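Reader: I'd like to go through this one claim by claim and hear what stands behind each label. Can you show me the structure?

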Amino acid sequence: MTSCRLVVVGNGMAGCRFVQEVLARDADRRLGITVVGDEPGGAYNRLQLSNVLAGVARVDSIELAGEQWYAAHGVTLCTGTAVVRIDRQAGRVELDDGAALPYDVLVLATGSSPVLPPVAGLLRDDGRLPPGVVAFRTLADCTAIAQLAVTAEHAVVLGAGVLGLETARGLAGHGLPVTLVQRGSRLMERQLDADASRVLTRTVRSLGVQVRPGAGVRAVRVDGRVRGVVLDDGGTLDADLLVLCCGVRPRVELARAAGLAVAVGVVVDDQLRSSNDPRIFAIGECAEHRGRTHGLVAPSWEQARVAAQVITGSGEPVSYRGLVTVTRLKAAGIELASLGDATADDEDGSGDVEVIRFSDSSRGVYQKLVVRDGRLAGAILLGDTRAVGTITQLFDRGAALPEDRSCLLMVRRNNPAAVVQSPAMLPGRATICQCNGITKAGVCAAWQDGARDVDQISARTRAMTGCGTCRGAIEGIVAWLTGADAGSSVSA
Ligand SMILES: Cc1cc2nc3c(=O)[nH]c(=O)nc-3n(C[C@H](O)[C@H](O)[C@H](O)COP(=O)(O)OP(=O)(O)OC[C@H]3O[C@@H](n4cnc5c(N)ncnc54)[C@H](O)[C@@H]3O)c2cc1C
């Protein structure tokens with residue numbers, strides 16, 4: 001029997017997972033849930049849009065929850081509808097179709113919007129982007145880019161962060177000439193140092209993407225539709241498709257207008273409650289926790305779990321403490337993982353930081369460990385990410401490192417140190433699926449419960465349902481478990 005009206009604003013990665021987490025805890029349906037999403041249809045896996053664009057995932061395979069799913073679970077879903085105002089006094093939200101929804105508890109999961117760079121000619125007089133220009137965030141954007149790419153002769157991608165790289169690689173994979181333009185001197189400058197960026201640039205070029213680092217764009221050439229860009233040095237690039245991947249900004253307009261505490265994101269406490277309204281929560285990219293916003297799914301899903309537990313009051317009291325995040329690139333032909341303080345250097349001679357590097361640029365390999373006080377503070381694995389499970393686990397635990405740090409990067413067969421990387425030797429606490437926080441022990445437990453292949457493991461644990469880059473590691477564990485079942489016993 002419904003006794004509490006719960007309204008969720010935003011049906012993206014955080015909003016959808018939050019509803020699933022609530023349903024799992026609210027067996028006697030005390031909460032009447034309404035979800036309002038301004039995108040059409042049900043929820044989909046936004047992370048997989050890069051793979052859809054690259055042609056390695058189909059649109060129908062990225063659905064998280066279709067409209068029927070909400071109906072079947074007694075959740076009211078308003079799609080293609082935006083919340084335009086929060087009336088905290090009356091305890092209701094107002095929708096763009098004139099309707100109003102009362103709430104007892106309100107959850108904001110409004111995500112982020114793409115940043116539009118301040119470039120002359122980028123916006124038309126009506127404030128919209130000219131034909132041929134797309135800021136990439138949604139399925140509609142992805143579809144628009146894919147359609148434009150069919151007839152385009154040259155694409156320019158602006159911004160060489162993770163999204164820019166994945167987009168440029170995806171378009172180049174279709175045979176479209178692509179130039180990746182970046183104002184700063186490095187690719188993925190938040191995750192990579194200069195050496196890693198150089199190695200990655202070489203790899204990306206070998207995959208058919210032109211790279212122009214250190215090239216700011218000062219104007220967009222438009223003649224009915226986009227025709228190209230003008231660089232800061234006066235040079236020009238022709239383009240009939242321009243994709244903007246210039247970062248994101250939390251969507252906080254509603255919260256700010258309602259008088260909620262907002263810094264960069266909606267300020268929340270350890271229970272994800274607004275710091276100045278205990279009836280309102282914020283999760284995902286729109287939330288700011290302990291001075292930090294984030295742009296990845298793992299913290300969004302962890303916040304969804306914590307908020308669901310707090311709101312349903314089920315189980316142990318929980319707090320969100322922040323999460324270590326690993327950035328991985330989903331681009332065919334590029335293996336890349338970066339975590340922690342990966343750009344730190346030892347060149348100031350202070351001795352505070354120890355850096356272990358291995359580089360083989362002809363093979364596109366660059367690996368780096370940053371060590372502080374004998375513990376791992378950051379890492380880059382480019383071109384060979386086989387050590388990522390062990391490295392992440394050492395980082396998570398703050399464990400003391402072996403004296404010979406380099407053995408952590410050596411995953412060659414015939415190397416005695418390599419044994420640490422095999423599924424058998426990987427500790428049970430090693431995180432295998434970063435998006436969902438699934439450990440090796442979790443995968444083994446699913447196996448012991450009867451899951452016998454990667455899809456069954458995924459259905460049981462949710463592993464691989466985010467970015468999907470853990471598939472290879474899970475296949476490795478499944479192969480090991482299969483062999484061990486046939487032979488000796490398995491222990492996580
Ligand atoms: C192409 C692409 C690839 C990515 N790859 C990765 C990756 O590999 N790994 C990773 O960790 N992260 C990745 N990300 C980032 C990841 O998608 C986000 O971190 C995640 O989606 C955040 O979830 P969220 O729910 O906070 O925001 P979103 O998923 O953006 O959901 C917010 C939803 O709220 C809706 N909304 C906003 N305001 C209103 C309103 N007023 N009324 C109604 N609805 C509203 C929005 O339209 C949207 O549907 C990727 C992002 C993109 C675009």
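Author: Let's start with a term: a polar contact is a pair of N or O atoms within 3.5 Å. Keep in mind that this is a predicted model.

Reader: Fine. What makes glutamate 285 a polar contact of the ligand?

Author: Set the value against the cut-off. An N or O atom in the side chain of glutamate 285 is 2.5 Å from an oxygen atom of the ligand. The limit is 3.5 Å, so the pair counts. In total, the protein buries 93% of the 990 Å² that the ligand exposes when taken alone.

Reader: How do you know that arginine 251 makes a polar contact with the ligand too?

Author: Same test. One of the polar side-chain atoms of arginine 251 lies 3.4 Å from a ligand nitrogen, and the cut-off is within 3.5 Å, so this pair is in. For valine 83 the partner is a polar backbone atom, 3.0 Å from a nitrogen atom of the ligand.

Reader: What makes a residue part of the group around the ligand, and how many are there?

Author: One heavy atom within 4 Å is what it takes. The ligand is surrounded by 33 residues, with Asp38, Glu39, Arg137, Glu285 and Lys330 the closest. By class, 15 of the shell residues are nonpolar, eleven are polar and seven are charged.

Reader: Which domains and helices feed that shell?

Author: Domain 1 (4-113 + 249-312) and domain 2 (133-246) each give at least three residues. As for helices, at least two shell residues come from each of helix 1 (13-25), helix 2 (49-54) and helix 8 (297-312).

Reader: On to the strands. Why are strand 15 and strand 16 called paired?

Author: Pairing takes at least two bridges. Strand 15 and strand 16 (residues 226-231) have five, in the antiparallel sense, so they qualify. Two of the matches are easy to find: arginine 221 has glycine 228 of strand 16 as its bridge partner, and valine 220 has valine 229. The two strands also form a hairpin, with three residues between them, and glycine 224 in that turn has a positive phi of about 80 degrees.

Reader: Why do strand 15 and strand 17 count as edges of their sheet?

Author: The sheet is open, with three strands in the order 15-16-17 and antiparallel pairing. Strand 15 (217-222) and strand 17 (236-238) each have a single partner strand, so one side of each has no neighbour in the sheet. Neighbouring strands here are turned by 20 degrees against each other on average, direction ignored.

Reader: What makes strand 11 and strand 14 edges in the five-strand sheet?

Author: That open sheet runs 11-18-12-13-14, with parallel pairing. Strand 11 (133-135) and strand 14 (209-212) have a single partner strand each, so each leaves one side without a neighbour in the sheet. The twist from one strand to the next averages 20 degrees. Inside the sheet, strand 12 (residues 155-158) and strand 18 (residues 241-244) share four parallel bridges, and valine 156 faces leucine 242 in strand 18.

Reader: How do you know that strand 21 pairs with strand 22?

Author: Two bridges join strand 21 (residues 273-274) to strand 22, and they run antiparallel. The requirement is at least two, so the pair passes. Arginine 273 stands opposite phenylalanine 281, and two residues separate the strands in their hairpin. Strand 22 (residues 277-282) also pairs with strand 9 (residues 105-108), in the parallel sense over three bridges; there, leucine 106 has isoleucine 280 as its bridge partner.

Technical notes. Residues numbered from 1 in each chain as written. Predicted model: local features only at pLDDT ≥ 70, side-chain atom pairs only at ≥ 80, totals over all residues. Heavy atoms only, no water. Axes fitted to C-alpha atoms, helices over the stretch in contact; angles between N-to-C directions. Polar contact = N/O pair within 3.5 Å; in protein donor to acceptor, adjacent residues only side chain to side chain. Areas by Shrake-Rupley, 256 points an atom, 1.4 Å probe, with all protein chains shown as cover. Nonpolar A, V, L, I, M, F, W, Y, C, P; charged D, E, K, R; others polar. Domains from an automatic or database assignment.
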